[in-house]
Amino acid sequence: MNEQKAPRILIVDDEMHICRNCRKILSKQAYETEYVLDGRSALEKLAEKSYDVVITDVKMGRIGGPEVLKWLRENHPETMVIVITGYASVSSAVELMKTGAFDYLPKPFTPDELRQVVADAVEQQKIVRQNRRLMQEPYPHMPRLSHQLIGSSPQIRKVISMIQKVADTDATVLLSGESGTGKELVARAIHANSGRHDKVFFGVDCGTLSGNLLESELFGYRKGAFTDAKKDKSGIFELADGGTVFLDEISNTTPDIQGKLLRFLDTREFLPLGDTARRRVDVRLIFATNRELNQMVAEKSFREDFYYRIFVYPIYLPPLRERKSDILPIAYHFLGQLNNQRGKSISGLDPEAASRLLNYHWPGNVRQLRNVIERAVIMCETDTITIQDLPHLSDIDDIERLMECVPETNAELIRIKKEIRQKAVAKVEKNFLLNALEQNDWNISRAARQTGMQRPNFQNLMKKYGIRPSSG
């Protein structure tokens, strides 16, 4: 019953303009928002009633964010806490998460960043509550798994089963699959169902960091280790002691980094840059890749010894096109999330829209599906998503592919520009025809008259795109 109410948000900051701005930013969402200007007032409010999300500054006199976090963990552990701070660094982020914060936002942040993190926190709280209810069901012998994996296809059931088996061990896991299949989601599910669930989970995208920068982030460094090392810095492994580190796109690491990770896996020891004393920590590693590592080994572009060391418990995440029975459940899951975020009450998809989703090949996988549903929710002006709210997915793919081309000659430039123009015009013309026909119950004469076209010209355009009347 409580879950049907608007999520209740409390904003805590000693600067009035920040409180008012946060409240204004969140006012368009279906949230009840309040604010207070100090930690003591926050504790008094929290003692009076419960909140779904608390957004709090770190430093606010004697009672600041850490004290508010501590009180909530002890009294209302289901409340999601978002910390806003001017001290944005890997170290502070890890420490804040260790004390129980759901996430943090460095100042200054954008309205979209605030809305997104609050929406994520509200969604996470629903999962926490659902998990609590499952734990209270009278079937303790049934397996329990906290995850956000949607679907009932054999492929996804196999992934869930493998998570169940490996989660409460310390085995190294290698996740493989195309981009957008949800590898980080699986890594988080493994962590959430392990004995480390109350410790930090830290995700690192190895593809965005160069070799030296990645090494300093993972292992840390001592002052003077290199030109810009002005002071000691703890690395992610040291800060995540007791928790889980997820290393995404491990295929992008250098052989030197692979060698150091190999040694770490064998000893759980590492050497910060510029130091002489090795450090020992208890960290579980989960790796992920969207490339064929065995092929890279054969090509000598990935260390063979490191490959076999991380190939302990491989989990393959199938692309969405290989588990089509999961497409609509996932789409409805995203629809529910986006309804809440955007204050809409769209009930579902009509048959044509559902068919379009099922018949598409989804090269961007689950991530692309979410983007499509988000666009549809924005476009939809009724209580049902129709085909008019969905893009012509194959057309968009073709146009985007062409726009990524880099012409080498003027002739090639002219050809590509012409092809993009033709495909873009074709998309507009098809939208024009379908809209006119839908508005006139597929009566061609009325549709042509409404648009100001001669009936033969309208029919010729229909023939050009293979559009046939829905009824004789």
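**From paired strands to an aromatic cluster**

Strands β3 and β4 pair in the parallel sense over 5 bridges, and this pairing is a convenient place to enter the structure, which is a predicted model. Between the two strands the chain passes through helix α3, residues 65-75, and the resulting β-α-β crossover is right-handed. Within the pairing, Ile 55 has Ile 82 of β4 as its bridge partner. On its other pairing, β4 is joined by 4 bridges to strand β5, residues 103-106, and these two strands also run parallel; here Val 83 stands opposite Tyr 104 of β5.

Strand β4 itself, residues 80-85, is mostly covered, with 6 of its 6 residues buried. Met 80, Ile 82 and Ile 84 point one way from the strand, whereas Val 81, Val 83 and Thr 85 point the other way, and the residues of both sets are buried. A view from the neighbouring strand is given by Thr 56, which belongs to β3, residues 53-57. Thr 56 counts as buried because its relative accessible area is 0%, which is under the 20% cut-off. Apart from neighbours within four places in sequence, Thr 56 is in contact with Val 81, Ile 82, Val 83 and Ile 84, and also with Val 12 and Gly 65.

Further along the chain, the aromatic residues deserve attention, and the count of aromatic pairs comes to 12. One of them joins Phe 219 and Phe 270, which are stacked, with 6.1 Å from centre to centre and 25° between the planes. Because Phe 219 lies in helix α8, residues 211-219, and Phe 270 in strand β11, residues 269-270, the pair ties together parts that are 51 residues apart in sequence. Both partners are covered: Phe 219 is buried at 3% relative accessibility, and Phe 270 is buried at 2%.

A second stacked pair is formed by Phe 237 and Phe 264, with 4.4 Å from centre to centre and 15° between the planes. This pair, too, links distant parts of the chain, since Phe 237 is in helix α9, residues 236-239, and Phe 264 is in helix α10, residues 255-267, which places the two residues 27 apart. Phe 237 and Phe 264 are both buried. The two pairs belong together, for Phe 219, Phe 237, Phe 264 and Phe 270 form one aromatic cluster.

Helix α15, residues 365-379, has 15 residues and reaches 21 Å from its first C-alpha to its last, close to the 21 Å expected at 1.5 Å a residue. Its buried residues include Val 366, Leu 369, Val 372, Ile 373, Ala 376 and Val 377. An α-helix has 3.6 residues a turn, so residues three or four places apart point the same way. Arg 370 is also among the buried residues of α15, and it lies over the face of Phe 334, at 5.9 Å from the ring centre.

The backbone offers a last point of comparison. Most residues other than glycine have a negative phi, yet Asn 365 has a positive phi, near 60°. Asn 365 is found in helix α15 and is buried, with a relative accessible area of 0%. Lys 300 likewise has a positive phi, near 65°, but Lys 300 is placed in the loop between α11, residues 293-298, and α12, residues 304-310. At 74% relative accessibility, Lys 300 counts as exposed, because this value is over the 50% cut-off.

Notes: Residues are numbered from 1 along each chain as its sequence is written. This is a predicted model: local features need pLDDT of at least 70, side-chain atom pairs count only at pLDDT 80 or more; totals for chains, interfaces and linings use all residues. Side-chain values use heavy atoms; hydrogens and water are left out. Buried means under 20% relative accessible area, exposed over 50%, partly exposed in between (1.4 Å probe, protein chains only). Contact means heavy atoms within 4.5 Å. Two strands pair if DSSP finds at least two bridges between them. A crossover is right-handed if, with the strands pointing away from the viewer, the path from the first strand over the helix to the second runs clockwise. The expected span of a helix is 1.5 Å times one less than its number of residues. Rings of Phe, Tyr and Trp (its six-membered ring) pair if their centres lie within 6.5 Å; planes under 30 degrees apart count as stacked, over 60 as edge-to-face and the rest as tilted. A charge sits over a ring if NZ of Lys or CZ of Arg is within 6 Å of the ring centre and within 35 degrees of the ring normal.
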